[in-house]
Structures are given as structure tokens and as C-alpha cells.
Amino acid sequence: MEQSPAKFAIKDLNLYYGVFHALKTVNLEIPDKKVTALIGPSGCGKSTFIRVLNRMNDLICDCRIDGTVRMGKTDIYDTTTDVTSLRTAVGMVFQKPNPFPMSIWQNVAYGPKMQGLRNKSMLNDLVEESLRRAALWDEVKDRLKKNALSLSGGQQQRLCIARAIAMQPEVILMDEPTSALDPIATKRIEELMGSLKRDYCIVIVTHSMNQALRISDKTAFFLMGEILEFGDTSQVFDSPRHEETRRYITGHFG
Ligand SMILES: Nc1ncnc2c1ncn2[C@@H]1O[C@H](COP(=O)(O)OP(=O)(O)OP(=O)(O)O)[C@@H](O)[C@H]1O
């Protein structure tokens, strides 16, 4: 696989919740314009790790980290780093679609408006562009004023992706984005990830080995807070270096 530049470079990262050591000496480079899947058994630290990338763990008291996490040239844990700008650049989509209880249009326009964009025609263009990129425009263009909660679960999740895109991020983090969706809605999100990776660095937590295999370029296998294995997805699945990885991906534990 051709190399692409690293979007994140993580060095000797340790994360503690109080005295509990949740991430242990994690070293990883996450490439830009690719999908990186984080896999591993429940409780191994996947969600904790993905939240490191936009400092969501800052919101958890008792959580502390050491080590460095660089995004491009920026040390995102440096005291001078503006966390709001970081979270704009590193958008996040959660397991359960969580649209705001407002119209489809307002959901997408909300973030840019909060950032000061007031021009209605620019907002309209941004809403359309974001919904198009999230492969939702054709389904909602005639009902932009309808409440977002009237959409199906799969449409709501694509709306949440559109909402992230409207902030013009560089990275989109997805924590089990399809686990609440049916197979057809899942397929649409997976197809969408395939097109989004042209423009963004995408990091996804998934419990589905088939999904990781279908959509990701790189796979990191977490076990008890460590990255046991990281490589091209084809290598990790076809010829894992560790017995634990092989047992996990073949469904023998976890
Ligand atoms: N806010 C918290 N406070 C204390 N411990 C936490 C907190 N969040 C997670 N943990 C612990 O850290 C470990 C890793 O949790 P995490 O949610 O990152 O795992 P995961 O691999 O994403 O699990 P799952 O696949 O079940 O979602 C677990 O032992 C969990 O109990």
C-alpha cells in the first residue's frame, strides 16, 4: 500500500482514569486520507483512545495523560492549544445518532452559525454542500425545515456526519457509527466513508470485523490498553503477527 503522510503521531501515550491505567505506552501514526479502524475486545481502550484525538477525555475529571499527540506539527495537548479549534478540526460521530431537536437545515447550519457565519446564502450553500457530501441531500432537499428527529436512524446518522462536515474538519472520528443501524443503513454509511476518505482522515471504532475489513486501510488491534498490532488491514487480517490478534479476528475471544 502506498504511504500517505501521518495526520496524527502518537508517542508514548499513557492515559489514567484515577489510578486505573487505561492506555499503556501507545505509539501510533495515523495516516491522512485513509480509514483507520480500531478493533479489540470490550474495555480494551478503543473509545478512550479515539477520544484522545480531540481531547474529549478532558471532560472526564480524574483523567490524565502523558506522552505526546501531534496533529500535523501541533502538539494537541500543549497548554497553548485552543481546544475549541481542535474540536472543530477533529469532528466526531457517535454510536447513537444524536441530531439536535431542530430542523434538518438548522442541524447542519448550527455549528457554522455559532462560529459567526451569518450570511444566509452562504449558510444555504454550506448546508447543501455538507448534505451532498454526506450522501443525504437527495433524500432531504424538499424537507429541510422538517424536524431532524423525523428522519430514519440511518438518515440521522448521515445528518450527524453532515453536521461534522459543515465545520470543515480535517479529521472525522467515528465511535461505532453503525452499531445502532440496520444492514442497509450500515452499507450506506460504509460507502460514504469510502468517499469521505478522499478528503479527510477517518478513524473508526468498530466491533464488526467484516466492517473493518470492508472499509479500512489500516487496523490497530487493542488489547488491555495496549496496541498489540497495527498495520495494513489486509496484513492484520490475512497474516496477523500475534496469536491474540488471530484469535480475536476469527471470533475466538472478545
Ligand atoms: N470515565 C471513566 N472513568 C473510569 N474508567 C473508565 C472511564 N471510561 C472508561 N473507563 C475504563 O477504561 C477502560 C477502557 O474503556 P473504553 O470505553 O475505552 O473501552 P472500549 O474498548 O471502547 O470498550 P467497548 O468496546 O466496550 O466500548 C475500561 O476498563 C473502562 O471501564
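Against which elements do the buried residues of α6 pack? In this predicted model, the partners are β6 (90-93), α3 (104-114), α4 (120-133), α5 (137-140), β7 (171-175) and α7 (183-196). Helix α6 itself spans residues 153-165. From first C-alpha to last, its 13 residues reach 18 Å. That is close to the 18 Å expected at 1.5 Å a residue. Of these 13 residues, 12 are buried, so α6 is largely enclosed by the rest of the structure. The buried set begins with Gly 154, Gln 155, Gln 156 and Gln 157. It also includes Arg 158 and Arg 163. Leu 159, Cys 160, Ile 161, Ala 162, Ala 164 and Ile 165 complete the set. An α-helix has 3.6 residues a turn, so residues three or four places apart point the same way.

Two of the packing partners of α6, β6 and β7, are themselves paired. Strands β6 and β7 run parallel and are joined by four bridges. Within this pairing, Val 93 stands opposite Met 174 of β7. Strand β6 is covered on both faces. Val 90 and Met 92 are buried on one side, and Gly 91 and Val 93 are buried on the other. In a regular strand the side chains alternate between the two faces of the sheet.

A separate set of strands was also examined. Four strands make up an open sheet, ordered β2-β1-β4-β5, with antiparallel pairing. Its edges are β2 (20-31) and β5 (74-75), each of which pairs on one side only. Eight bridges link β1 (residues 6-17) to β2 in the antiparallel sense. In β2, Ile 30 is the bridge partner of Phe 8.

The surroundings of the ligand were considered next. The residues around the ligand are Tyr 17, Phe 20, Ala 22, Gly 40, Ser 42, Gly 43, Cys 44, Gly 45, Lys 46, Ser 47, Thr 48 and Ile 60. Strand β2 and helix α1 (46-52) are the elements that give two or more residues to this shell. Helix α1 supplies the largest share, three residues. By character, the shell divides into five nonpolar residues, six polar and one charged.

At the level of the chain, an unreviewed UniProt entry lists residues 8-249 as "domain: ABC transporter". Over residues 8-249, helix accounts for 37% of the chain and strand for 27%. The end C-alpha atoms of this stretch are 25 Å apart.

Key. Residues numbered from 1 in each chain as written. Predicted model: local features only at pLDDT ≥ 70, side-chain atom pairs only at ≥ 80, totals over all residues. Expected span 1.5 Å × (residues − 1). Buried ≥ 20, exposed ≤ 12 C-beta atoms within 10 Å, placed from the backbone. Contact = placed C-beta atoms within 7 Å. Pairing = 2+ DSSP bridges. Near = placed C-beta within 6 Å. Nonpolar A, V, L, I, M, F, W, Y, C, P; charged D, E, K, R; others polar. UniProt positions renumbered as here; feature names shortened; annotations may be inferred.
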